[in-house]
Amino acid sequence: MKKRATINNRSRVANTSRRRQLLKRVHSKVISRRQQYQMTELTEEWATAIAN
């Protein structure tokens with residue numbers, strides 16, 4: 001006999017997809033922040049190299 005998709009199973013699927021979306025969003029924010037930090041570090045290095 002095939003198991004019917006109950007409310008619990010459906011909500012679990014919805015929760016996992018929602019969690020995935022949130023993780024993607026957070027991950028993209030972290031990556032962009034990291035890139036921004038690297039750029040500021042690079043510009044500071046250039047500024048000190050030019051000043052010397």
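What percentage of the 52 residues of the chain count as buried? The share is 0%, where buried means under 20% relative accessible area, exposed means over 50%, and partly exposed lies in between (1.4 Å probe, protein chains only).

This is a predicted model, in which local features need pLDDT of at least 70 and side-chain atom pairs count only at pLDDT 80 or more, while totals for chains, interfaces and linings use all residues. Residues are numbered from 1 along each chain as its sequence is written, and side-chain values use heavy atoms, with hydrogens and water left out.

The chain holds 1 helix and 0 strands, these being DSSP runs numbered from the N terminus (helices H or I, at least four residues; strands E, at least two). About 5600 Å² of the chain is exposed, and 57% of that area comes from carbon and sulfur atoms; accessible areas follow the Shrake-Rupley method with a 1.4 Å probe, and for residues only the protein chains shown count as cover.

Two residues of helix 1 are set out below.

| Residue | Place | Relative accessible area |
|---|---|---|
| M39 | helix 1 (residues 7-51) | 52%, exposed |
| T48 | helix 1 | 47%, partly exposed |

In T48, a polar atom of the side chain lies 2.8 Å from the backbone oxygen of E45.

Methods. A polar contact is a pair of N or O atoms within 3.5 Å; within protein, one must be able to donate a hydrogen and the other to accept it, and residues adjacent in sequence count only if both atoms are side-chain atoms.
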